[in-house]
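Visitor: Please take a close look at a single part of this model, the contact between the two chains. I should like to see one helix crossing treated in detail and then placed in its surroundings.

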Amino acid sequence: MLSKADKKILQAVLVGAAVIIIGLVYYTMAFVNAEITGKDADIKANDALLKKHQDELTELKAWAGRSNEINAIINELLQKVQRLPRSVEASDFFRILRDCVHRTNLSEIKVAKLKSINMGAYEEIPYMITCRARYHDLGQFLTLVEQNAQQIMRVKTLDLFSDLKRPSRHRVSLQVATFVFTEPLPKPRGREAATP
Amino acid sequence: MIRINLLPEKEGARPAAKAKVVSEDQVSPLTYLIIVVLVAAIGGYYYMFAYRRVSAKRVKAAEVKHQVDVAAKQVESFPDVGELKKAERITKSMLDVVYALDSPDRVLWSQKLNALSDLIPENVFLKRLTVSETINKVETADSVQRRKDWEAEQKGKVKAGRGRRGVPAGSPAQIFYPQITQELRIYGIAYSENEAERIRLINELHDNLMSGVNAPAKVKTDFMKGFSGEIAYGDVTPNAIGGRPVAEFSFNLKTTATGPKTVAPPATAAAEKGQKGGAGEEAVPAEKGATDKAKAVKGAAKGRRTPDVE
């Protein structure tokens with residue numbers, strides 16, 4: 001059977017083992033679990049960060065893939081802007097307007113440039129035209145203005161009233177305006193600019 | 001005599017009790033076995049519940065961190081699309097402006113004048129036509145989004161400690177599109193010796209304009225296209241021109257407001273600028289009053305007494 005030495009050793013070993021087990025349990029509870037909880041939190045945070053980066057990357061790739069589409073939108077704008085003056089001076093606008101006036105049967109014409117109206121990203125450039133015109137001559141003039149292929153123009157105001165002294169030729173005053181962008185226009189970008 | 005012991009010396013000499021006695025200092029192999037088992041159990045416990053779990057988590061965390069680093073590097077090395085985003089937003093905003101000012105379905109006054117002349121009944125004459133306009137500045141949806149993106153970017157910089165706290169300067173400029181509403185006022189006279197007939201003529205013009213049809217002249221137009229769908233009556237007053245009794249009247253029509261292709265709910269509808277048209281009179285806002293007058297005119301057409309023109 002067990003000798004006295006055995007008993008002593010086993011007693012000591014069992015006490016030691018009990019202490020070690022208690023220590024281990026404490027270590028597990030206090031440090032291991034805490035570390036695991038910390039690592040779990042790290043993993044969770046990094047997972048979220050990873051998802052964010054992946055989403056960001058997906059979005060970036062999507063934007064890079066839309067380069068051509070955006071260029072098409074920019075080109076559409078540039079095409080429309082071709083029918084607008086390049087500067088606030090708008091000398092072409094005046095020339096085109098004068099042509100419209102002269103191509104129709106208006107008389108006693110006065111054309112005056114009004115003060116430009118700042119609208120933020122663009123400025124409106126109005127002209128005041130006063131004249132005498134027959135009803136259908138005025139209609140013809142308005143057609144030339146509103147459906148002009150060279151220049152975007154619109155009728156802002158119109159005042160047409162009959163003069164009893166000259167019933168067929170009405171007195172007319174109207175404001176015609178075009179506009180010019182004051183913000184710099186975007187430029188189409190090359191494919192390489194957005195392709196990784 | 002010689003004595004010979006044939007029994008083995010050890011067997012014979014050992015007493016039976018002595019063979020079973022264990023030394024007090026001797027350690028049994030069983031004790032060693034128990035110690036080994038205990039050590040193994042403690043080691044197993046540590047391995048199973050501490051080392052293995054922790055190391056598994058460490059490996060997982062390192063893996064995820066590595067993936068994050070790789071993804072972050074990919075994002076950083078990707079060409080900047082900020083300019084592309086900005087370009088799209090600005091372009092769309094500018095297109096909104098162009099569309100609002102030059103939309104394909106805007107009211108063309110040349111066509112309206114043409115249609116109007118076709119819809120006027122006999123013995124009704126126009127005295128005056130005025131067109132005035134009101135412009136509201138409305139920020140484009142892309143301009144709003146562009147500013148939001150910029151603000152979010154600034155907040156991100158502050159969080160990362162790379163930016164300054166407080167309201168950041170240098171916010172992108174707002175881009176507004178014009179929401180234009182134009183107003184057409186038609187002043188005219190209706191001539192007849194009979195008062196009820198004058199009122200009927202005014203109503204006939206009203207109905208012709210509403211329907212776009214002048215039945216006697218066999219004319220059909222889309223006069224009301226682009227207008228809000230209502231024609232408000234103005235004052236109807238008796239008068240005499242050249243000794244002939246006439247009824248002076250006016251109608252008021254408003255166009256639908258212009259806007260961008262895709263109308264988003266205006267974020268900052270800054271009705272900053274109410275530009276009234278130059279040459280015409282001030283617009284008459286009294287819709288209710290105008291409707292009442294319309295009722296009065298319609299009533300008069302049915303034979304109700306109205307002030308004599310003469």
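Guide: A crossing of two helices is called left-handed if the near helix is turned anticlockwise from the far one by less than a right angle, and right-handed if the turn is clockwise. By that convention, H2(A) and H4(B) cross in the left-handed sense. The model is a predicted one, and its overall scores are ipTM 0.73 and pTM 0.67.

Two packed helices are described by the angle between their axes and the distance between the axes. Here helix H2 of chain A spans residues 67–81 and helix H4 of chain B spans residues 82–101; their axes come within 9 Å and cross at roughly 35°. From H2(A), the residues that take part are A:Ser67, A:Ile70, A:Ile73, A:Ile74, A:Glu76, A:Leu77 and A:Lys80. They meet B:Leu84, B:Ala87, B:Glu88, B:Thr91, B:Lys92, B:Met94, B:Leu95 and B:Val98 in H4(B). Sorted by class, this contact is made of nine nonpolar, two polar and four charged residues.

The crossing belongs to a wider interface, in which 69 residues of chain A are in contact with 69 residues of chain B. On the chain A side, two or more residues come from each of helix H1 (4–65), H2, helix H4 (135–146), strand E4 (154–163) and strand E5 (166–181). H1(A) gives the largest share, 30 residues. The class count for this side of chain A is 40 nonpolar, 13 polar and 16 charged residues.

Strands also link the chains. E4(A) pairs with strand E1 of chain B (residues 124–139) in the antiparallel sense, over four bridges. In this pairing, A:Phe161 has B:Arg128 of E1(B) as its bridge partner.

The architecture of each chain supplies the background. Chain A has four helices and five strands, arranged along the sequence as α-α-α-β-β-β-α-β-β. Of its 196 residues, 28% are buried, and among its contacts with a separation of 6 or more, 67% are between residues 24 or more positions apart. Chain B has eight helices and eight strands; 26% of its 310 residues are buried. Of the contacts in chain B between residues at least 6 apart in sequence, 81% join residues at least 24 apart.

Two backbone details deserve mention. A:Glu108, which is not a glycine, has a positive phi of about 50° and lies in strand E1 of chain A (residues 107–113). A:Glu108 counts as exposed because 11 other C-beta atoms lie within 10 Å, and the class takes in residues with 12 or fewer. In chain B, Lys218 likewise is not a glycine and has a positive phi, of about 55°. B:Lys218 sits in the loop between strand E3 (213–214) and strand E4 (219–220) of chain B, and it is exposed, with 8 other C-beta atoms within 10 Å.

Confidence must be weighed when reading chain B. Its mean pLDDT is 78, and 76% of its residues score at least 70. Among its elements, strand E7 (residues 244–255) has the highest mean pLDDT, 95, and helix H8 (residues 287–301) the lowest, 41. Over residues 263–310 of chain B the pLDDT is below 50, although this stretch has 76 contacts in the model beyond near neighbours in sequence. Where pLDDT is low, the predicted coordinates should not be read in detail.

Note on methods:
Residues are numbered from 1 along each chain as its sequence is written. Chains are lettered from A and ligands numbered from 1 in the order in which they are written. This is a predicted model: local features need pLDDT of at least 70, side-chain atom pairs count only at pLDDT 80 or more; totals for chains, interfaces and linings use all residues. Axes are lines fitted to C-alpha atoms, for helices over the stretch in contact, and angles run from 0 to 180 degrees between N-to-C directions. Two residues are in contact if their C-beta atoms, placed from the backbone, lie within 7 Å. Ala, Val, Leu, Ile, Met, Phe, Trp, Tyr, Cys and Pro count as nonpolar, Asp, Glu, Lys and Arg as charged, and the others, Gly among them, as polar. A residue is buried if 20 or more other C-beta atoms lie within 10 Å of its own, exposed if 12 or fewer, and partly exposed in between; C-beta atoms are placed from the backbone. Two strands pair if DSSP finds at least two bridges between them. pLDDT is the predictor's confidence in each residue, from 0 to 100.
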